[in-house]
Structures are given as C-alpha cells and as structure tokens.
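The following exercises treat a ligand site, the pockets and some backbone features. Each task is followed by a worked solution.

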Amino acid sequence: MLHGKRILLIISGGIAAYKCLDLIRRLRERGASVRCVLTDAATQFVTPLSVSALSEDRVYGDLFSLTDEAEMGHIQLSRDADLLVVAPATTNIMAKMAQGIGDDLATTVLLATDKDVLVAPSMNVRMWEHAATQENITTLKSRGIRFAGPTEGNMACGEFGEGRMVEPLEIVAEIETYFAASAPLAGRRAVVTSGPTLEAIDPVRYIANRSSGKQGHAIAAALAGMGAETILVTGPTSEAAPPGVEVHHIESAREMYDACMSALPADIAVCAAAVADWRPAEQGDSKIKKEHDAAPPRIEMIENPDILRTLSAAGNQRPALVVGFAAETDNLIENATSKRKRKGCDWIVANDVSPETGTFGGETNTVHLITGTDTEAWPAMRKTDVADRLAERIAHHFDQNTEAAE
Ligand code: PMT
C-alpha cells in the first residue's frame, strides 16, 4: 500500500518512543521509505543508532549542525517527504506546534512544512485532559493536522485512562487511509485472478500447471497501492498475500469462477491466472486403484467455465475495464489479438511462455499490451514492474474517461 511513499517521522520524547522502532519496520515492509528526526528528549528513550539501523538512513536531530544543514537542510527534509508523522507526540511538542515555536530541528521542520502532518499523541491521562492540551488540539485540528489516537489503557506511569499512543499498526492504517484517499484508483474496485487452478482426478491426484502467482499477486498489490479496493482470487501458490488486499483462496476453475462472480460489481477485472481449460469429467470419491496388468486409466476431459469471457459479457455487472492475459508459445501477437476479440475483453497482455523465457514461475516478464487501438511492446522487466506499469495504465484510462465525461 505504501510503495514509494516517503514518510518523515518525528520522534519526540515519550516512553512510547520505543514503539517507533516497530512503526519504522512496519512502514518499510509496506514499501515506504522512512527518514527520522529525533528531539533531544527522544534520544533518552531510543538511540539514534537503533532508529538509523531500522530506517536504513541517517538520523537527524541537530538544527545547528553544519554538516546536516549543508547535506540536508531542514526545509529539504520536509520537501522530500510525502507526509510528516509525529509519533509519539508529547504534550510539549503539540503545544509548540500550536504556538508556532521552532526551537529545535523537529519543531522547525514542522513550522516550515507545507505537507500534511499526522500526530499520534502519547502522554499521561491528566496531561491529555488538561485544558491547555485540549485547546492546543482544537487549534491543531482546525489547521488540518490529522490525529491517530490516543487510546485508553494502562500507562507506563501506573495510571489508567486516555493518552496512550495507539499501536504502530493503527498508525500504519491511518497512514494508508491518508494515501488511499488521494490515490489515483481511490473509490474503484478491482478483481484480480492469479496462480494456477488444480483440477481433481480423484481425492489425491490432480492436473495443474506451473503458474507461481507472481504476476497476478504483483498486479493486485499494484492496484491496491494505487488505492483500489482489491479482491485477489488465487489458486494455490506460495506467494504471500499482498498487503491491503482481500484474498480468496480457491483450487479449481469452477471455484475461481464462483469467487469472481461473487466479487462483482467491480470497476476493473484483471485475469492473470492460468486457469485450466479442461477438467476431468469424473472426479471419483476414492483413489483410482492401480490394478496389476491393467491398462492405465483414460481420463475424459470436459471444458471449464471461461471466467474472462464471462466477466467480459456480464451485462450491467461487467467491469468497466476487463484485462486478460494471453499465454502463448507461438505467433504471440496474432494469437493474442484474436484471443482479445474472442474473449471480449478490452485489453490483453500477451506474454511468451515458451520454456526458454522462464515466464512461468520466473521473476521477469516481457509483455505486449494490446488495447484494440494499439499494440505496445514493453521491455523485459520484473513482474512487479509490469504490474506497476499496468496499474498506471489502468489509472490513466479511468482518468481520461472521467475527464471525457466532465
Ligand atoms: O503465475 P506466474 O508464474 O507469475 O506466471 C504468469 C502467467 C504466465 C501465468 C501470466 O502472466 C499469464 O499469462 N496468465 C494467463 C495464463 C493463461 O491461462 O492464458 P490463456 O491464454 O490460456 O488464457 C487467456 C485468458 O483467459 C487469461 O486471462 C486467463 O486467465 C483467462 N481464462 C482462461 C481459461 C478459463 N477457463 N478462464 C479464464 O478466465
């Protein structure tokens, strides 16, 4: 969800500062970069070394450091960020923010910024309830400062009440919500299929294919990263669930079909799964016995439902943009072009899956995007980059259509 987002994290001096180490880790595992500014008081609770190790960046703290100002001025710190987060935010730093005091690097950056600021307060219950704090909060909220928490609970000082900093994952969720609201696909819903399907022969045997789910999962992650509410319907894979994506695990093509149809309505459908075209006509309840000297069994196959074709012809339930994939070993463009027409989808992504390409299961893919008006050859790239580029094209498509409708 936070792929490529730049967070400037200002850590002020409260006991909850230790939770920031986890916050940095959580943000970074979601693809954000985190640059940190520590107040003097914060260094009493966490060491710059720990913060630097987790953020994999140097840590800033001294307003009057000649080297810091030369390398990265305090104005540049906020210019380089997409969002400023103050966590923990003590009553002291919030008072300075409300009064416009800039007497150290953290508060000067907060005064100098034109970026949005999210604050996660942390303090004793009586400090939180104090009229001065409450007035400062009202002032900060009236200026558009966003708040995550605080929450109620046992405090490090032994008291109970409101003032505890919310947990790092709740701060992450607030940050994700912030970016999702301004994301290019915010308000759109996407269904993505990924991975192989397994077609049972009997309770222990099945027919499958070599799809790893890497391409489909990356597409779901990219669409979610652009703010789309994303449902991923996937066959068995070892790929991790992409953050911020609702995942439905299925095995057979018929289960994938049912899960996709129940996910409608949607604005976008991307079918990257390698769905088995056929399945055994009979799936016995017991294991087929290998009889001595008997001929191998003959497996009669019947056709599976075509998910892409059904989505493309779903009447008023049809997603506004339906994107299929064409996995070809010969005549890539010719076959993919006629597949686009046959399936009725808007775009088709053609990829060569001949064994020497390593497309099935590999990290990279070389694709052509066939839109009906254009055929674009994309260079070989990582599947995650194919996914990002496709998501950008999808966002651009909706952008253009919205502009045309206005
Ligand atoms: O999973 P990876 O290892 O990362 O590999 C990625 C991939 C090669 C599987 C992927 O990039 C890809 O090409 N997916 C489509 C594979 C495929 O089944 O292609 P096809 O040409 O047979 O099918 C055409 C389209 O119809 C596809 O969008 C497919 O999802 C869809 N289809 C096919 C049959 C069916 N019964 N229902 C479908 O929806």
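**Exercise 1. Identify which backbone atom of Gly213 approaches the ligand, and at what distance.**

Step 1. A backbone N or O atom of Gly213 is 2.8 Å from an oxygen atom of the ligand; a polar contact is a pair of N or O atoms within 3.5 Å, where within protein one must be able to donate a hydrogen and the other to accept it, and residues adjacent in sequence count only if both atoms are side-chain atoms. The model is predicted: local features need pLDDT of at least 70, side-chain atom pairs count only at pLDDT 80 or more, and totals for chains, interfaces and linings use all residues. Residues are numbered from 1 along each chain as its sequence is written, and side-chain values use heavy atoms, with hydrogens and water left out.

Step 2. Side chains contribute as well: an N or O atom of the Ser212 side chain lies 2.6 Å from a ligand oxygen, and for the side chain of Lys339 the distance is 2.4 Å.

Step 3. The ligand taken alone exposes 770 Å², of which the protein buries 96% (Shrake-Rupley method, 1.4 Å probe).

**Exercise 2. Describe the shell around the ligand by residue, element and class.**

Step 1. The ligand is surrounded by 28 residues, each with a heavy atom within 4 Å of it. Ser211, Ser212, Ala273, Lys339 and Asn351 are the closest.

Step 2. The space that the ligand takes is the largest pocket; a molecule sits in a pocket if more than half of its atoms lie within 2 Å of its grid points.

Step 3. Two or more shell residues come from each of helix 10 (214-225), helix 12 (307-312), strand 17 (321-328) and helix 13 (332-343). Helices (H or I, at least four residues) and strands (E, at least two) are DSSP runs, numbered from the N terminus. Strand 17 gives the largest share, four residues.

Step 4. The shell divides into 13 nonpolar, nine polar and six charged residues.

**Exercise 3. Characterise the largest and the second largest pocket.**

Step 1. A pocket is an open set of points on a 1 Å grid over the protein atoms alone, where a 1.4 Å probe fits, with protein on both sides within 12 Å along at least five of seven lines; lining residues have an atom within 4 Å of a point.

Step 2. The volume of the largest pocket is about 960 Å³. Its lining has 42 residues, with Ala273, Ala274, Val275, Asp277 and Ala327 closest to the centre.

Step 3. The second largest pocket holds about 760 Å³. Of its 27 lining residues, His3, Ala218, Ala221, Ala222 and Thr384 are nearest the centre. Helix 10 and helix 14 (383-405) each supply at least two residues of this lining.

**Exercise 4. Locate the cis peptide bonds and the positive phi of Asp293.**

Step 1. Most residues other than glycine have a negative phi, and most peptide bonds are trans.

Step 2. The bond from Ala87 to Pro88 is cis, with omega near -5 degrees, and Pro88 belongs to strand 4 (residues 83-89).

Step 3. Leu264 and Pro265 are also joined by a cis bond, with omega about 5 degrees. Pro265 lies in the loop between helix 11 (253-263) and strand 14 (268-271).

Step 4. Asp293, a residue other than glycine, has a positive phi near 70 degrees.

Key. Ala, Val, Leu, Ile, Met, Phe, Trp, Tyr, Cys and Pro count as nonpolar, Asp, Glu, Lys and Arg as charged, and the others, Gly among them, as polar. Grid points are joined across faces, edges and corners, and a volume is the space filled by probe spheres set on the points.
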